[in-house]
Amino acid sequence: MRVNLHVKDRVAIVGAGMTLFRRRLLETPRELAWEAVRQALDEAGLTLRDIDCIVTGTAPDAFDGVHFNGEYLADGAGGFGKPVSRVYVGGGTGVMVPIAAWWHAASGHCDTVLAVAEEKMSPAMPHPQYVFAYIWDPILERPLGPNLIWIFAMEMRRYMYKCGAKKEDIALVSVKNKGNALDHPAAQAAAKITVEDVLNSELLVWPVNRLDISPVSDGAVALVIAREKTARRITDSPVWIEGVGFTLDNTHWYNRELAYPRYVQYAARMAYRMAGIERPWKEIDVAEPYDPFDYKELHHIEGLMLARPCEAWKLVKEGYFDRDGELPTSPSGGLLGVGNPIAAAGLMKVAEIFWQLRYEAGKRQVRKPVHKGVAQAWGDLMQAGTVIVLGN
Amino acid sequence: MASEGKPVNPPGTYLKRQDLERLPGIIRYKPSARYLFAAGQALSRFLKGLKEGKILGVRCPVCGRVYVPPRAYCEYCHAPTSEWVELPGTGVVHTAVVSYIATDRSRMEKPEIVGVIRLDAPGYREDSYEFAGLFHKICGVTPEQVMDGSVIGMRVKPRWKPPEERTGSITDIECFEPVEGGEQ
């Protein structure tokens, strides 16, 4: 049953574009944004003149090394002389951008909106991980000298303990996603690897090895979003934004059960309710759960209610989430395979569902017929859940 | 159906590290920013407690939740949390990991064990989603014990620095160590 939501108009995605995802790109952040926008507009058969509003997203400014990075990107994103806003929820930003673009259009305020996400992580030296030192609480956490991977390792360890999963079970996600990425033209970390390769890669913070993690990336992604009447004029196959959900939990991640992401579930419930989805595990045909780490995909599959808590790792073993499986997840190759330019990575997931629902994903097209898809991102200190449901 | 698939020819110019170094006009820049953080209403008192060898929490007068680390207000009720409680400091390990890398991703000489401690606090069921707890180092256990799972659920207590070395910091607790004779 759909909720009685007061929106002025239905909203659709009508075009998508993206740059290569790579460890080091020559292009500046604004050039990357411009390249992605240009491709998205070309795909929609539009020019910048047809666009009313711009929503941008980029994660911590410290990566690009420029404060007010949203404004810095604005002209590259096509925002010169137009209403531009930037949204930010850490890693959740990539999916928050099209959510914000949705309300720009659904409210009737803008007829066409560009949703643009960019990230350039490579300039930070000696390693971008160092920049993450500044997201920790200065009073209680920084004095302990943490590395960002600690928090993921702690969550992964708790998931393993609570759910009885082993490292080799979780490594299968990395094998699947890096394999899927072999068919993605923008992919940075596509590879045919085995579980042993993951287990034998550099041990960073047990239980996390090098190949359990997505790479450091530069890249940008853009979507063109339009209200129904305009969308139907632009294309015969618009992909509708049917549900959006977003929530934040508190910053005290060490005061919560780490084995289950309730903030993702809250956001998912909000999005499913709006989309009229009552049994997501049956009604969703294809999903792009956020996978900066391999266990995170399992965690998020469970938060999205596509599997019961603690059961996603068993289903991965059965091939349930493969591209030709019952419920394909991360058919793009995900962050593990395509790359992880933070905000752009989340928007890449939305673009993938868009291409899947238009049957335009080429070799990556999932085998089953698709009607509804979900993309999700997560961000901040185990806090932010952002979810978008699309339908064709 | 296009067999090629979208995206078509994604743009971008990949650089190897040495290509980047050879580019004209490369800028090397190191920001210099210094901060002096105040700990705030609730944490200042908590840190003073640490200096005295006590772990303090606050109780919400409306819903009864006990917060460690303390907050000035209840996150659920938004009511001021005025009632302070002293905890025994003991607890169980919620999760534990072995770190081989430092903050800047350089390899550590000696691996470090860190985790989340679920503290003994009134008002929380054993399996509740929320709990009073701290993120800290764990000592007195081996990496092998972390890996074989025997550390999770282990009863631990704080190992305090000697009083004269305490400064009112989270590091006044050196680490959490197993309670001798404590059950698993």
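## Pairing across the two chains

Two strands count as paired if DSSP finds at least two bridges between them. In this predicted model, strand β5 of chain A (residues 203-206) meets that criterion with β4(B), the two running antiparallel and being joined by two bridges. Within this pairing, A:V205 has B:S99 of β4(B) as its bridge partner.

The wider contact between the chains involves 53 residues of chain B and 55 residues of chain A. On the side of chain B that touches chain A, the elements giving two or more residues are α1 (17-22), β4 (91-101), β5 (107-119), β6 (133-137) and α3 (143-148) of chain B. Of these, β4(B) gives the most, with eight residues. By class, the residues of chain B on this side comprise 31 nonpolar, 14 polar and eight charged.

## The nine-stranded sheet of chain A

Chain A contains an open sheet of nine strands with mixed pairing, in which the order is β3-β2-β4-β7-β1-β8-β11-β10-β9. The edges are taken by β3 and β9 (286-288) of chain A, and because each of them has a single partner strand, one side of each is left without a neighbour in the sheet. On average, and with direction ignored, neighbouring strands of this sheet are turned by 25° against each other.

At one of these edges, β9(A) runs parallel to strand β10 (residues 372-379) of chain A, to which three bridges join it, and A:V286 stands opposite A:G373 of β10(A). At the other edge, strand β3 (residues 84-87) of chain A pairs in the parallel sense with β2(A) over four bridges, where A:V84 of β3(A) stands opposite A:I54.

## Strand β2 and its surroundings

Strand β2 of chain A (residues 53-57) is mostly covered, since five of its five residues are buried. The burial extends to both faces of β2(A), with A:C53, A:V55 and A:G57 on one side and A:I54 and A:T56 on the other. Besides its pairing with β3(A), β2(A) is joined by five bridges to strand β4 (residues 112-120) of chain A, again in the parallel sense, and here A:T56 stands opposite A:V116 of β4(A).

## Helix α14 and the nonpolar core

The largest nonpolar core has 180 residues, and those that touch the most other members are A:A115, A:V116, A:L223, A:I225, A:L347 and A:I388. Helix α14 of chain A (residues 342-357) supplies the largest share of this core, namely twelve residues. In soluble globular proteins, nonpolar side chains tend to be buried together. For A:I388, the contacts beyond its neighbours within four places in sequence are A:V95, A:P98, A:I99, A:I241, A:V244, A:A271, A:V350 and A:A375.

Helix α14(A) lies across β1 (11-18), β2, β4, β7 (218-227), β8 (239-248), β9, β10 and β11 (384-391) of chain A, and runs at about 130° to β4(A). The same α14(A) packs with helix α4 (residues 93-106) of chain A at an angle of about 60°, the axes being 6 Å apart, which means that α4(A) is oblique to α14(A). In this contact, A:T93, A:G94, A:V95, A:V97 and A:P98 of α4(A) meet A:I342, A:A343, A:A344, A:A345, A:G346, A:L347, A:K349 and A:V350 of α14(A). The residues involved divide into nine nonpolar, three polar and one charged.

## Helices α6 and α11

A second helix pair in chain A is formed by α6 (residues 167-180) and α11 (residues 294-303), which pack at an angle of about 95° with their axes 7 Å apart; α6(A) is therefore roughly perpendicular to α11(A). From α6(A) the contact draws on A:I170, A:A171, A:V173 and A:S174, and from α11(A) on A:D294, A:Y295, A:E297 and A:L298. In terms of class, this contact has five nonpolar residues, one polar residue and two charged residues.

## A buried glutamate, A:E35

A:E35 is found in helix α1 (residues 29-44) of chain A, and A:E35 counts as buried because 24 other C-beta atoms lie within 10 Å, where the cut-off is 20 or more. With its neighbours within four places in sequence left aside, A:E35 is in contact with A:T19, A:E27 and A:A220, and also with B:P11 and B:G12 of chain B. Along the chain A:E35 and A:F63 are 28 residues apart, and their C-alpha atoms are separated by 20 Å.

Methods. Residues are numbered from 1 along each chain as its sequence is written. Chains are lettered from A and ligands numbered from 1 in the order in which they are written. This is a predicted model: local features need pLDDT of at least 70, side-chain atom pairs count only at pLDDT 80 or more; totals for chains, interfaces and linings use all residues. A residue is buried if 20 or more other C-beta atoms lie within 10 Å of its own, exposed if 12 or fewer, and partly exposed in between; C-beta atoms are placed from the backbone. Axes are lines fitted to C-alpha atoms, for helices over the stretch in contact, and angles run from 0 to 180 degrees between N-to-C directions. Angles under 35 degrees count as roughly parallel, over 145 as roughly antiparallel, 65 to 115 as roughly perpendicular and the rest as oblique. Two residues are in contact if their C-beta atoms, placed from the backbone, lie within 7 Å. Ala, Val, Leu, Ile, Met, Phe, Trp, Tyr, Cys and Pro count as nonpolar, Asp, Glu, Lys and Arg as charged, and the others, Gly among them, as polar. A nonpolar core is a set of buried Ala, Val, Leu, Ile, Met, Phe, Trp, Tyr and Cys residues joined through C-beta atoms within 7 Å.
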